[in-house]
Amino acid sequence: MRRLLTTGPVALLACVLLAGCSTTGPHLPDYVVLSRHVTHGVHWQLDAYLGDDGLCLTVDGPRGPEAGGDRSSGGCGFDSSPSGGYWSGGQEPGDKNGVVVYGPLPDNATAIRVASHTVVKTIPFPHGSGLPTARYWFVIEPPGWPSKTDGTLLSTPQPLDKQGRNVAFKKF
């Protein structure tokens with residue numbers, strides 16, 4: 001049986017690739033808040049902006065990526081090679097045991113398989129925001145994930161189109 005998860009505090013990957021974002025590009029706060037969350041009383045958000053290294057996604061405090069010391073994790077210049085970074089992630093703010101992982105996907109990737117029985121829906125970047133016509137995904141890996149119900153963790157998650165066919169990662 002396959003489980004379809006929506007974004008939010010749900011399951012994810014045990015593997016996390018970390019990369020830093022450049023703030024020398026367009027003046028921040030020209031960023032877009034993709035989602036807001038509260039974990040153990042800590043307010044945080046997933047933001048996106050265009051920087052010198054391409055598309056950047058960051059986990060920040062409620063003041064955004066420009067606020068000094070507010071950034072929890074981030075990645076820029078996502079490309080289509082595992083060594084270059086399909087996704088980014090880091091510790092979930094407010095939870096020393098939780099990990100949040102996220103990344104951009106081509107516009108035709110409506111879901112992403114992260115474990116053999118776990119598929120996560122993707123979300124389009126807001127139109128008119130200056131961000132690419134694309135989608136993003138994020139999930140939070142709680143302690144003990146994946147469970148037997150989630151299936152076996154994939155070493156590289158697999159983007160999927162509406163019909164469930166594989167979609168290739170692309171450079172952002």
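So, burial: 51% of the 172 residues in the chain are buried, meaning under 20% relative accessible area with a 1.4 Å probe and protein chains only, while exposed would be over 50% and partly exposed in between. Keep in mind that this is a predicted model, where local features need pLDDT of at least 70, side-chain atom pairs count only at pLDDT 80 or more, and totals for chains, interfaces and linings use all residues. Residues are numbered from 1 along each chain as its sequence is written, and side-chain values use heavy atoms, with hydrogens and water left out.

On the surface, the chain exposes about 8100 Å², and 51% of that comes from carbon and sulfur atoms; the areas are Shrake-Rupley with a 1.4 Å probe, and for residues only the protein chains shown count as cover. As for contacts (heavy atoms within 4.5 Å), take those in the chain with a separation of 6 or more: 61% of them are between residues 24 or more positions apart.

Okay, secondary structure. You get 0 helices and 12 strands. Both are DSSP runs numbered from the N terminus, with helices being H or I of at least four residues and strands E of at least two.

How are the strands arranged? One open sheet has 4 strands in the order β6-β7-β11-β10, with antiparallel pairing, and pairing here requires DSSP to find at least two bridges between two strands. The edges are β6 (88–91) and β10 (123–124), each with a single partner strand, so each has one side left without a neighbour in the sheet. Inside that sheet, β7 (residues 99–105) and β11 (residues 135–141) are joined antiparallel by 7 bridges, and V99 sits opposite E141 of β11.

Then look at β8 (residues 111–115) and β9 (residues 118–121), which are antiparallel with 4 bridges. A hairpin of 2 residues takes you from β8 to β9, and I112 faces V120 in β9.

Next, the cysteines. Searching the whole structure turns up 1 disulfide, defined as a pair of cysteine sulfur atoms within 2.5 Å. The partners are C56 and C76, with S to S at 2.2 Å. C56 is in β4 (residues 54–60) and C76 is in β5 (residues 73–76), so the pair ties together parts that are 20 residues apart in sequence. For the geometry people, the C56 and C76 link is right-handed, with 115 degrees about the S-S bond. Both C56 and C76 are buried.

What about nonpolar packing? A nonpolar core here is a set of buried Ala, Val, Leu, Ile, Met, Phe, Trp, Tyr and Cys residues joined through side-chain atoms within 4.5 Å. The largest one has 18 residues, and those with the most contacts inside it include L34, L57, V100, Y102 and F125. Strands β2 (32–39), β3 (42–51), β4, β7 and β11 each supply at least two residues of this core. There is also a second, separate core of 14 residues, with W87, I112, A115 and W137 among them.

Back to V100 for a second: leaving aside neighbours within four places in sequence, V100 has contacts that include W44, V59, F138, V139 and I140.

Last bit, charges. Which residues form the 1 salt bridge in the structure? D161 pairs with R165, and the closest N and O atoms are 3.1 Å apart; the criterion is a side-chain nitrogen of Lys or Arg within 4 Å of a carboxyl oxygen of Asp or Glu. D161 is buried, with a relative accessible area of 12%.
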